[in-house]
Each structure stands twice: as structure tokens, then as C-alpha cells.
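Me: I am new to this structure and would like to go through it in questions and answers. Please keep each answer short.

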Amino acid sequence: MTGAGLKGRGVMRISTWNVNSIKQRVGHLTAFLGEAKPDVVCLQELKCQDESVPRAEIEAAGYRVETLGQKAYNGVALLVRRPLALTEVRRGLPGDEADVQARYIEGLVAGEGVAPVRVASIYLPNGNPVASEKFPYKLAFLERLRRHARALMDAEVPLVLAGDYNVIPDPEDAADPEAWREDALFRPESRAAFRSLLAEGLTDALRACDPRAGVYTFWDYQAGCWPRNQGIRIDHLLLSPQAADRLVSASVQKHLRGLEKPSDHVPVTVELLDG
DNA sequence: ATGCCTCCCAAAGGGAGA
């Protein structure tokens with residue numbers, strides 16, 4: 001038996017995936033659940049309301065589902081593989097009561113013989129165009145996330161902040177960094193805010209496990225970006241010290257970008273010791 | 001290149017994404 005079962009001392013697999021419409025991608029999603037058997041999945045860009053999420057298919061694959069949906073845009077979810085439990089679900093990122101965009105859901109994952117882990121699914125604002133109100137909204141969201149991460153980390157429960165950050169951390173995370181120079185994903189302000197988040201003591205799991213250049217998680221649908229491997233790394237799993245101590249591996253499920261009707265993002269998965 | 005592609009809503013083409 002693999003994954004976080006009843007015995008513990010195995011690994012817990014946690015994946016993040018921007019599916020670009022849960023209704024369009026439910027087939028790819030259930031195939032991924034069946035083949036990768038992640039214990040927790042953080043989804044972004046559901047692009048539908050809670051009642052339209054194809055819950056039955058996901059539950060039939062063996063998962064509990066908690067969502068924060070929104071009509072047409074945004075939307076995030078946490079999937080937890082039974083018999084693991086998901087409690088203390090929080091919807092929305094604190095720090096701005098006026099923010100109605102569905103971009104954050106967190107919960108506590110626990111099971112018999114499995115050390116509890118707090119997991120968040122995050123869909124950070126894109127922030128373009130930089131001259132619009134969208135860019136300061138993005139930067140403010142990153143600052144709210146930093147403050148909330150600090151508060152959560154005080155509890156010293158292993159914490160995984162996973163999602164589509166819409167931030168290219170470093171030039172080696174883009175095939176053509178010069179093309180992104182003025183973009184909200186790569187602007188110095190965005191990168192600095194991301195670094196401030198890391199400076200709270202978080203570890204970029206994929207960077208830690210695979211420091212090479214050219215590890216991407218997104219390829220634009222346009223201009224043959226996928227066949228030309230013109231990708232960027234913007235989907236991240238950030239680990240608190242207690243989670244980083246348990247880190248075994250981090251990997252990108254790149255093959256899913258080659259399917260028919262793919263998302264433009266692919267899953268990223270970490271394995272953490274579960275006991 | 002204000003594009004290129006995909007998805008949304010809504011019933012055509014505009015908005016959003018990154």
C-alpha cells in the first residue's frame with residue numbers, strides 16, 4: 001500500500017493543479033487521481049459555482065471535496081483521499097473583507113497514524129495589466145498571504161501553501177525571461193513580494209528538490225509554446241519548516257500537458273513523510 | 001503584435017487568462 005494509509009510511516013502526496021475549468025477537465029482529473037493517487041489535491045481555476053462542480057465523479061474516485069467556487073472565474077478546491085479527514089476548512093484569505101474573488105481555501109488534513117498537515121489551495125491574481133488596479137491587488141494579496149502564513153506558522157503544524165502563484169521566481173524559471181520582463185508575473189515587485197513570503201521561513205519544494213533551470217509548470221496555449229517548450233514555473237508548493245523537514249520529493253507531472261484538451265498548467269506533487 | 005489559444009457566458013463576440 002502506498003500513500004498515507006492507516007499505518008503511517010509512509011509518504012503523504014500533495015498535488016497542486018490549475019485545471020482551467022473543472023467541468024472541462026474532470027476526465028483528466030479523475031485519470032490523474034487514479035494514476036498518481038495523491039492524498040491531497042489543491043485545485044485552482046474551477047471557473048464555476050460550488051453547485052456545478054462535478055462532485056460525484058471526484059467522490060467516486062475516492063475523494064472528499066471542499067470548494068470555494070465562483071461563476072465563470074477563479075474558484076479553488078481541496079480534495080482529500082478517504083479515509084483521511086479534512087477539518088477546519090477556511091474559505092477566503094483574511095485581510096480584506098471587500099475581496100469577493102474565490103482564490104483561497106485551506107483545511108487540516110489528518111488520519112489515523114498520519115501527522116496532521118495544514119494545506120491551502122491558492123489562486124493568486126495574475127496582475128496584468130501592470131498599469132491597472134489588478135497589479136496592486138496582486139501585490140496586496142501576496143502581502144495578505146505573507147501575514148496569514150506567519151500566523152499559521154506560529155502553530156508549528158506542518159503547513160503546505162500550494163497553488164498557482166502567478167509569479168516566476170527567477171530568470172531560470174522561464175524559457176525566455178526577457179519576454180516576461182514587463183509582465184506582472186515577473187515584475188520586480190511581484191518577485192520581491194514572493195521573496196518576502198519565502199523569508200517567513202517557507203521552502204519552495206520544487207526548487208529545493210530540482211534546482212536546475214528549465215523546470216516549468218505552465219505552457220501557453222498560443223504560439224506553439226508547448227511543442228517549443230516555451231514554459232514558465234508559476235505553480236508552487238511552499239513548505240513551513242515542519243513540512244520541509246519531511247520533504248522526500250517534488251515533481252512535475254508534465255505528461256498531462258500533452259493530452260487532448262489539456263489545461264495550460266500541469267500538476268506539481270510533493271511527497272512528505274507522514275509520521 | 002491590442003496576436004497567437006482556450007474557456008467563460010450566452011447566444012455574438014467580448015472578457016480573462018498569462
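Reply: One definition comes before the rest: helices (H or I, at least four residues) and strands (E, at least two) are DSSP runs, numbered from the N terminus. The model shown is predicted. With that numbering, Asp 264 is found in the loop between β13 (247-252) and β14 (268-273).

Me: Does Asp 264 count as buried or exposed, and at what relative accessibility?

Reply: Buried means under 20% relative accessible area. Asp 264 falls under that cut-off and counts as buried, at a relative accessibility of 11%.

Me: Which domain does UniProt place at residues 16-265?

Reply: The end C-alpha atoms of this span lie 10 Å apart, and the span is 24% helix and 27% strand. The name comes from an unreviewed UniProt entry, which gives "domain: Endonuclease/exonuclease/phosphatase".

Me: Which residues does UniProt list for "active site", and what is the largest C-alpha distance in the set?

Reply: The unreviewed entry lists Tyr 123, Asp 164 and His 265. They are spread over 143 residues of sequence but cluster in space, with a largest C-alpha distance of 12.4 Å.

Me: Which residues of the "active site" set are in the lining of the largest pocket?

Reply: The set in the UniProt record is spread along the sequence but clustered in space. The pocket lining takes in Tyr 123, Asp 164 and His 265.

Me: Why do the residues of the UniProt "binding site" gather at one spot?

Reply: The annotation, from an unreviewed entry, covers Asn 18, Glu 45, Asp 164, Asn 166, Asp 264 and His 265. They span 248 residues in sequence, yet they gather at one spot because no two of their C-alpha atoms are more than 12.8 Å apart.

Me: Which residues of the "binding site" set does the lining of the largest pocket take in?

Reply: The UniProt set runs from Asn 18 to His 265. From this set the lining takes in Glu 45, Asp 164, Asn 166, Asp 264 and His 265.

Me: How many residues surround DNA strand B, and which are the closest?

Reply: By class, the surface near the strand has ten nonpolar, eight polar and seven charged residues. The number surrounding DNA strand B is 25, and the closest are Ser 21, Glu 45, Asn 126, Asn 166 and Gln 222.

Me: What percentage of the atoms of DNA strand B within 4 Å of the protein belong to sugar or phosphate?

Reply: These atoms are divided between sugar or phosphate on one side and bases on the other. The sugar or phosphate part is 72%.

Me: How far from a phosphate oxygen of DNA strand B is a polar side-chain atom of Ser 21?

Reply: Other side chains also have an atom at a phosphate oxygen of the strand, including Gln 24 at 3.4 Å. For Tyr 123, an N or O atom of the side chain is 3.0 Å from a phosphate oxygen. For Ser 21, the distance is 2.5 Å.

Me: Where does Tyr 123 lie?

Reply: Tyr 123 counts as buried, at 9% relative accessibility. Its place is in residues 114-123, which form strand β7.

Me: With which side chain does the side chain of Ser 15 make a polar contact?

Reply: Ser 15 is in strand β1 (residues 11-18). Its relative accessible area is 0%, so Ser 15 is buried. The contact is 2.8 Å, and the partner is Thr 269.

Me: How many aromatic pairs does a search of the whole structure find?

Reply: The search of the whole structure gives five. One of them, Tyr 137 with Phe 141, is edge-to-face, at 6.3 Å centre to centre and 70 degrees between the planes. Both residues lie in helix α3 (residues 134-153), four residues apart, and both are buried.

Me: How far apart in sequence are the parts that the pair of Tyr 165 and Phe 194 ties together?

Reply: The ring centres are 5.7 Å apart and the planes are at 80 degrees, so the pair of Tyr 165 and Phe 194 is edge-to-face. Both residues are buried. Tyr 165 lies in the loop between β8 (159-164) and α4 (188-198) and Phe 194 in helix α4, so the parts tied together are 29 residues apart.

Notes
Residues are numbered from 1 along each chain as its sequence is written. Chains are lettered from A and ligands numbered from 1 in the order in which they are written. Side-chain values use heavy atoms; hydrogens and water are left out. UniProt positions are given in the numbering used here, feature names are shortened, and annotations may be inferred rather than shown by experiment. Rings of Phe, Tyr and Trp (its six-membered ring) pair if their centres lie within 6.5 Å; planes under 30 degrees apart count as stacked, over 60 as edge-to-face and the rest as tilted. Buried means under 20% relative accessible area, exposed over 50%, partly exposed in between (1.4 Å probe, protein chains only). A residue is near a molecule or strand if one of its heavy atoms lies within 4 Å of it. A polar contact is a pair of N or O atoms within 3.5 Å; within protein, one must be able to donate a hydrogen and the other to accept it, and residues adjacent in sequence count only if both atoms are side-chain atoms. Ala, Val, Leu, Ile, Met, Phe, Trp, Tyr, Cys and Pro count as nonpolar, Asp, Glu, Lys and Arg as charged, and the others, Gly among them, as polar. On a 1 Å grid over the protein atoms alone, a cavity is a set of points where a 1.4 Å probe fits but cannot get out, and a pocket is an open set with protein on both sides within 12 Å along at least five of seven lines; lining residues have an atom within 4 Å of a point.
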